[in-house]
Amino acid sequence: MCIRDSNNVFYAMGDTARPARIAVERVTLSAGLGIGLMIWLDRYPVGQLASLESAGRLHLGAVGLALAAGISSWYELWRLVRSLEPHVGRVALPVMRLAAVGLVAVVAALPGFAAWYLLRHLPIHWSAPVVVGVYGATYLAGTHMMGLGSLGQWLRGSRNNQSREGGGE
């Protein structure tokens with residue numbers, strides 16, 4: 001059950017205030033954590049971490065913002081599920097599916113890292129799109145092979161958008 005589904009259940013029960021309050025908690029947590037993590041991590045240059053001479057003056061502050069957003073999203077999901085349980089009974093999250101997706105994400109980093117290693121001599125504006133593309137393609141293929149559906153959903157969404165725009169058959 002994801003955040004959107006949880007919100008829909010609350011709306012169906014006529015309770016729009018609770019998910020709104022929890023969303024405010026999430027935004028507050030994200031802002032507080034984001035500022036703290038951004039300031040803390042911005043002291044560390046990307047080039048120092050990954051030995052990238054082409055990284056220039058890039059720092060890890062944005063990583064702190066991403067971490068804060070991820071942590072606050074998990075917090076919001078946890079709060080919504082815990083708030084729903086008294087009304088609908090135990091809500092089981094798909095932990096094994098989440099673990100499988102996480103595993104695919106970690107494994108997909110390996111070819112991405114290999115691409116970066118092979119292209120590390122190039123300027124970052126040339127190597128980064130290739131590295132991200134390799135990672136993304138590997139991730140989509142991996143989730144598709146494990147039956148997790150990301151590639152199929154992405155392709156169906158692409159085809160649906162084309163047909164709505166008059167570009168599909």
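The accessible surface of the protein chain in this predicted model comes to about 11,300 Å², and carbon and sulfur atoms contribute 66% of that area. Of the 169 residues in the protein chain, 23% count as buried. Among contacts in the protein chain with a separation of 6 or more, 61% are accounted for by residues that stand 24 or more positions apart.

The secondary structure of the protein chain consists of seven helices and zero strands, so that, since the elements are numbered from the N terminus, the order along the chain reads α-α-α-α-α-α-α. The mean pLDDT of the protein chain is 84, with 83% of its residues reaching 70 or more. When the elements of the protein chain are compared, the highest mean pLDDT, 96, belongs to helix H2 (residues 17–41), whereas the lowest, 59, belongs to helix H7 (residues 150–164).

The packing of helix H1 (residues 3–12) against H2 was examined next, and the two helices meet at an angle of about 145°, their axes lying 9 Å apart. On the H1 side the contact is made by Ile 3, Asn 7, Phe 10 and Tyr 11, and on the H2 side by Arg 18, Pro 19 and Arg 26. Sorted by class, the residues in this contact of H1 with H2 comprise four nonpolar, one polar and two charged.

Both Arg 18 and Arg 26, which belong to the H2 side of that contact, also take part in salt bridges, as described below for Arg 18 and for Arg 26. A search of the whole structure finds four salt bridges, and three of them are described here, beginning with the pair Arg 18 and Asp 15, in which the closest N and O atoms are 2.9 Å apart. Within this pair, Asp 15 counts as buried because its relative accessibility is 18%, which falls under the 20% limit, while Arg 18, at 26% relative accessibility, counts as partly exposed.

The side chains of Glu 76 and Arg 26 likewise meet in a salt bridge, with an N to O distance of 2.5 Å. This pair links distant parts of the chain, since Glu 76 lies in helix H4 and Arg 26 in helix H2, with their positions 50 residues apart in sequence. Glu 76 counts as buried because its relative accessibility is 4%, whereas Arg 26, with a relative accessible area of 26%, is partly exposed. Helix H4, in which Glu 76 is placed, covers residues 61–88. When neighbours within four places in sequence are left aside, Glu 76 is in contact with Ile 3, Ile 22, Ala 23 and Arg 26. Among these, Ile 3 and Arg 26 also take part in the contact of H1 with H2, and the salt-bridge partner Arg 26 is therefore shared between that contact and the surroundings of the buried Glu 76.

Helix H4 also holds both members of another salt bridge, Arg 82 and Glu 85, which lie three residues apart, about one turn of the helix. The closest N and O atoms of Arg 82 and Glu 85 are 2.9 Å apart. Arg 82 is partly exposed, with a relative accessible area of 40%, and Glu 85 also counts as partly exposed, because its relative accessibility is 21% and the buried class is reserved for values under 20%. The link between Glu 76 and Arg 26 joins helix H4 to helix H2, whereas the salt bridge of Arg 82 with Glu 85 stays within helix H4.

Note on methods. Residues are numbered from 1 along each chain as its sequence is written. This is a predicted model: local features need pLDDT of at least 70, side-chain atom pairs count only at pLDDT 80 or more; totals for chains, interfaces and linings use all residues. Side-chain values use heavy atoms; hydrogens and water are left out. Helices (H or I, at least four residues) and strands (E, at least two) are DSSP runs, numbered from the N terminus. Buried means under 20% relative accessible area, exposed over 50%, partly exposed in between (1.4 Å probe, protein chains only). Contact means heavy atoms within 4.5 Å. Accessible areas come from the Shrake-Rupley method with a 1.4 Å probe; for residues, only the protein chains shown count as cover. pLDDT is the predictor's confidence in each residue, from 0 to 100. Axes are lines fitted to C-alpha atoms, for helices over the stretch in contact, and angles run from 0 to 180 degrees between N-to-C directions. Ala, Val, Leu, Ile, Met, Phe, Trp, Tyr, Cys and Pro count as nonpolar, Asp, Glu, Lys and Arg as charged, and the others, Gly among them, as polar.
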